[in-house]
Amino acid sequence: MRRLSRIGFAAVAAALLAAAGCSSSSSSSSTSVITPTPGTSSTAAPASAGTGGQGAQSVTNYLTYVGGTAGPANSSLPPVYIGYVNQQGGPTAVGLLATAGAQMAVKYANAELGGMDGHPIQLVTCFIASAEEEGTTCAQKFLADKKIDVVNMGGVAIGVQSFFSTLHGSLPVIDGVAATPIDTTQPNAVILFGDATHILPPFGTYARDVLHAKTAALVYPSNNAGIVIGAGAIKAGLVAAGVTVKAVGYSESTTDLTSVLTAAGAQTADMVIPYSDTAGCVNLAKGLTALGITDPKKIVSAPLCLNGQVIAGLGDWPHWTYAIASSLFGDPSDPGMPAYMTVAAKYSTPAAAPDPWNIVNFGQLLTTIKIMNEVGYASLSPSAILAKAKVFTGPQALGAPELACGKYSTAPAVCNDTIQLFEYAGGVTKGRPNWVKMSGWIQPPS
């Protein structure tokens, strides 16, 4: 949350804390959500939408999931170390709150899940700000620390090539959502929630099968490497589904985006896709409102706008439809969401908990701990961890119902290519944001 001023952060926290829902869990007495704004009526979810999350397979007990021991880790035992790399501290950040999610998982596991096989867990962090060579620096740091047997990756779009090249397969890398296609081809990587080139093409499936759209307008910041890759994947999915799409890029320094939206044909398109990192969400929302484009079913975006920064700028999340490759914060149809919300109320912050990067990195860290527990402390090694990770088929905590690592021969590290979509109607009900489920898990168009 480094981009927020102290005043801005306080405003976000106050807004998020204004509505609290009670929890029956012994680990927390409440969970915080956004300040309600007047909600709009919306049609019920399509009959095909089904139950959210993983339905009956949803992970609802994290202790059982990781195979841990109830209670804190044994502080007298030597720690286990997990490397962690994220892109942050520079002019752009793909997943600014990814690190917060990983730290939340470690705090929780050390306090209540017995750490890893009884041993305390420590994250060894390294951050890439803006330069490709920083990937080399992080890889060298992890290789030099012989106590590290596995690395977790957040949202990284810069330095990825040099990172994997320097690592040279010596350590397994467990990723949540990969921002570049480089990650997908690495034999030592496992991407649990999918990558941009595989989880964004389902926008085309949704446009064709649910919206029955013929045309689409796509706008995105053209100077953000990770976003550019994602925008290309969305466009490819739309084209594959037979949708005519006009894509227009803009500089992140541009604040008035009405002309950009107009150039993309947003006013007449059947589907409008404002695709940006958190920094651009407020400006996109204001531009759409100024042009009178307010139909939440027509406006479809990735979930990067669902955090406190956006609430600080708009007073609420934009009333759009959101696609997500993980569980969605507050989804009332997801049996796995209450467990996350309970833990987040205790170990996260109100501004960070709803963010999809927080959710994804929390889930992937728990899976890393699960795999390490299965290997056992005495047998920990990079090869043993990688072997277990490669054959993991789920259920993934807060992830898609089924994982298929190696499904794509050209992207063997990818384990998921599905997303689910929700319309945000505004406000809260029984302590949860008002979501309307618009589709079950869908795949890219064939």
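1. Helices and strands, as the terms are used here, are DSSP runs numbered from the N terminus; a helix has at least four residues and a strand at least two. In these terms, P78 is placed in the loop between α2 (62-66) and β3. The model under discussion is a predicted one.

2. The surroundings of P78 deserve attention. Leaving aside residues up to four places away in sequence, P78 touches H119, P120 and Y377. One of these, H119, lies 41 residues from P78 along the chain, yet the C-alpha atoms of P78 and H119 are separated by 6.3 Å.

3. Is P78 buried or exposed? Its relative accessibility is 41%. Because buried means under 20% and exposed means over 50%, P78 counts as partly exposed.

4. The next topic is the sheet that contains β3. This is an open sheet of five strands, paired in parallel, in the order β4-β3-β5-β6-β7. Its edge strands are β4 (121-128) and β7 (189-191), each of which pairs on one side only. On average, and with direction ignored, neighbouring strands of this sheet are turned by 25° against each other. As general background, strands of a sheet pair through backbone hydrogen bonds, in either a parallel or an antiparallel manner.

5. One pairing within this sheet may be examined in detail. Strand β5 (residues 148-153) and strand β6 (residues 173-175) are joined in the parallel sense over three bridges. The bridge partner of M153 in β6 is D175.

6. Two helices may be described together with the sheet. Helix α15 (residues 382-390) packs on the sheet and touches β5, β6 and β7. The direction of α15 makes about 35° with that of β7. Helix α3 (residues 98-112) lies across β3 (80-87) and β4, and α3 runs at about 170° to β4.

7. Strand β8 (residues 215-221) should be considered with its partners. How many of the seven residues of β8 are buried? Six of them are, and the strand is accordingly described as mostly covered. Seven bridges join β8 to strand β9 (residues 244-250), and the two strands run parallel. Within this pairing, A247 of β9 is the bridge partner of L218.

8. Strand β8 also pairs with strand β10 (residues 271-274), again in the parallel sense, over four bridges. Here V219 stands opposite P274 in β10.

9. Finally, the connection from β8 to β9 may be noted. Together with helix α9 (residues 225-240), β8 and β9 make a right-handed β-α-β unit.

Conventions
Residues numbered from 1 in each chain as written. Predicted model: local features only at pLDDT ≥ 70, side-chain atom pairs only at ≥ 80, totals over all residues. Heavy atoms only, no water. Pairing = 2+ DSSP bridges. Axes fitted to C-alpha atoms, helices over the stretch in contact; angles between N-to-C directions. Contact = heavy atoms within 4.5 Å. Buried < 20%, exposed > 50% of the residue type's maximum accessible area, 1.4 Å probe, protein only. Right-handed = clockwise from strand over helix to strand, strands pointing away.
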